[in-house]
Amino acid sequence: MSVVAPRFRLQEMSWRRLRDWRPEISSEMLILLASAFFALACNALFWRSAMATHPGSVVFATSLFALLLSVHALLFGLLLWRWNAKVLLTVLFITTAFAVHYMNSYNVYLDADMLRNVLATDRKESSELMTPALLLPLLGYAVLPTLLLWRVRIRKRSVGRALLWRVAFLLGVVIVGGAGTMASFQDISALMRNHREVRYLATPVNYLIALRQNMSSASPIRKQPKLAIGTDAKAMPRAASSKPRLLVLVVGETVRAQNWGLNGYARQTTPELSQTGAINFPDMHSCGTSTEVSLPCMFSPFGRHDYDEKKIRDHQSLLHVLEHAGISTLWRDNQSGCKGVCENLQIERLDDDTLPGLCADGRCMDEILLNDLATQVRAKPGDRVVVLHQLGNHGPSYFQRYPARFRQFTPTCETADLGKCSRDEIVNSYDNAIRYTDHFLSRIIAALRGMDDYDTAMIYLSDHGESLGEKGLYLHGMPYGIAPEEQTRVPMLMWFSQGFASDRGLNLQCLRQRAGQRADHDNLFPSVLGLMQVSTSVYDRSRDVFAGCEPVSKM
Ligand SMILES: [Zn+2]
């Protein structure tokens, strides 16, 4: 007893000391400490990429540190005050822990587009990203610093003194940052010029700036009515004996051209489609590297050739032009919505359906989009354009994108935490998901063949590709200018019923030859208008893939 008691007292004393540990520091010191923590602990990817240009250079590293520290200190110096510092820093610690984890796991860059992807991600997508591998970064980057933060007392100052101190602090920060930059000016400006993407790695300033950009008027978060386009659209008159036309436009998700069987991939991922006589476009390129960019872009007349994100988001889409021409549209969705493309038009969200066999745990297989399709089409008279928005190959949970009987390529990666799987396992699951899209599209064609009260056609195209470990990259969303081809080359496929092709006067042999040439998302807008014979001032015949493969008198 006599031995145990003092030790117990010792423990009790140190515990009490820890409990009473409440150091008082100024808000400027807190800002400096937080900035140093972010610069040193949360920027592994930034340091690795930046230092790769000057391996081992102490001067360069010191300059970068001064720059990174002062950028954060400057930003926090403007945002954080005694009354909000603890709450805001807590939010930043937690958000940064998530950001660091995903940036390190998937080598993704947090720019404005990527952040919009994250913000637009729905509840189900987020829950798929919650993996056990998150625990450690959450503890190290969020829980520990937050515990320390709340032990600290921030010094009280009168308003006048606080402002004076803050101005002096900001001046000091600018001098340190400026001096650091000047010390390696040439190297740092070369880095910013030649490796712009490194900017998107500096955390958390990357997502704070991206958030600010998304708050501006181009943002989908702030809604304003869209400006009308193609209000002069008219459907060209047809013979009274003609059947109404039905075009099913399938917007795929995350399927890349490299793994598409019809493009000559080493694996047959499209066995069913290869039996349908559909026309394949092997050299097709996407407008963006994410759904958020590609979807509005491919349905817009401005496209990539005249790219202006704000202009695209501010204007109506292809679907509105079709409606102006009296062709009723319908958007059926098994994903995260139409991103403004179908604003104020008919949309059916099927992703929350509960149909047994196709839906489980709040997710549905893409075949849900076929449920009741014919009834929905016939609900309105005349020509119709129906968009089916797939969940497709949405990552990282590729293994959840197909029913068990499509688990053809094995072994598969059975977790959303891609770091736990070999590259082969990841590719196997990804290819199985394509194999399911092959089946899904073939079922659409079979359904359209059966609807002989219509002349039917189907166009399938994917919104963007996916990196599967090439160059150390995973998933998608790289800034477009530096995105690898895996993220920007996508499949496109078309199928026409005999009635459609002959009534429309399409020369399919000619179209097969055209399909061998380069095409991109910018072709969609004019091609659908051309195919549906809509005349309007926003139609650009030079980008219509059908132009030249039809009798001129028909257009
Ligand atoms: Zn997408």
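**Close-up 1. Asp314, a buried acidic residue at the end of helix α13.** In this predicted model, Asp314 has a relative accessibility of 15%, so it counts as buried, the cut-off being under 20%. Its home is helix α13, which covers residues 309-314. Leaving aside residues up to four places away in sequence, Asp314 touches Gln224, Lys226 and Leu227.

**Close-up 2. The zinc site.** Here's the metal: the zinc ion is coordinated by Glu253, which appears twice through OE atoms, plus Thr291 (OG1), Asp463 (OD) and His464 (NE2). The distances run from 1.9 to 2.6 Å. Written as a sequence pattern, the donor residues are spaced E-x37-T-x171-D-H. Thr291 and Asp463 tie together distant parts of the chain, being 172 residues apart. Thr291 belongs to helix α12 (residues 291-298), while Asp463 sits in the loop between β11 (455-462) and β12 (467-468). Thr291 and Asp463 are both buried.

**Close-up 3. The eight-stranded open sheet.** Reading across the sheet, the strand order is β7-β6-β10-β4-β11-β14-β5-β15, and the pairing is mixed. The edges belong to β7 (347-349) and β15 (519-520). Each of these has a single partner strand, so one of its sides has no neighbour in the sheet. As a reminder, strands of a sheet pair through backbone hydrogen bonds, in either a parallel or an antiparallel way.

**Close-up 4. Strand β10 and its two neighbours.** Six of the six residues of β10 are buried, so the rest of the structure largely encloses this strand. Arg384, Val386 and Leu388 point one way from β10, with Val385, Val387 and His389 pointing the other way. On one side, β10 (residues 384-389) runs parallel to β4 (residues 245-252), and six bridges join the two. Follow the pairing and you'll find Leu246 with Arg384 as its bridge partner, and Leu249 opposite Val387. Strand β6 (residues 328-333) is also parallel to β10 and is joined to it by six bridges. In that pairing, Ser328 stands opposite Arg384. So which β4 residue has Arg384 as its bridge partner in β10? That's Leu246.

**Close-up 5. Strand β5 between β14 and β15.** Five of the seven residues of β5 (residues 279-285) are buried, so this strand too is largely enclosed by the rest of the structure. Its pairing with β14 is antiparallel and uses five bridges. Phe281 is found opposite Met492 of β14 in this stretch. With β15, β5 runs parallel, and two bridges join them. One of the residues to look for here is His285, whose bridge partner in β15 is Asp520.

**Close-up 6. Helix α20 lying across the sheet.** Helix α20 (residues 524-531) lies across β4, β11, β14 and β15. Relative to β4, α20 runs at about 165°.

**Close-up 7. Where helices α5 and α11 cross.** The axes of α5 (residues 85-106) and α11 (residues 205-215) come within 10 Å of each other and cross at roughly 105°. The two helices are therefore roughly perpendicular, since angles of 65 to 115 degrees fall in that class. From α5, the contact draws on Leu92, Thr95, Thr96, Ala99 and Met103. From α11, the contributors are Asn206, Tyr207 and Leu208. What's the mix of residues in this contact of α5 with α11? Five are nonpolar, three are polar and none is charged.

**Close-up 8. Zooming out to the whole chain.** To put the views in context, the protein chain has 20 helices and 16 strands. Its C-alpha trace spans about 100 × 55 × 45 Å along the principal axes. Of its 555 residues, 54% count as buried. Among contacts between residues at least 6 apart in sequence, 76% join residues at least 24 apart.

Note on methods
Residues are numbered from 1 along each chain as its sequence is written. This is a predicted model: local features need pLDDT of at least 70, side-chain atom pairs count only at pLDDT 80 or more; totals for chains, interfaces and linings use all residues. Side-chain values use heavy atoms; hydrogens and water are left out. Donors are N, O and S atoms within 2.8 Å of the metal (3.2 Å for Na, K and Ca); water is not among the atoms, so sites may look incomplete. Helices (H or I, at least four residues) and strands (E, at least two) are DSSP runs, numbered from the N terminus. Buried means under 20% relative accessible area, exposed over 50%, partly exposed in between (1.4 Å probe, protein chains only). Two strands pair if DSSP finds at least two bridges between them. Contact means heavy atoms within 4.5 Å. Axes are lines fitted to C-alpha atoms, for helices over the stretch in contact, and angles run from 0 to 180 degrees between N-to-C directions. Angles under 35 degrees count as roughly parallel, over 145 as roughly antiparallel, 65 to 115 as roughly perpendicular and the rest as oblique. Ala, Val, Leu, Ile, Met, Phe, Trp, Tyr, Cys and Pro count as nonpolar, Asp, Glu, Lys and Arg as charged, and the others, Gly among them, as polar.
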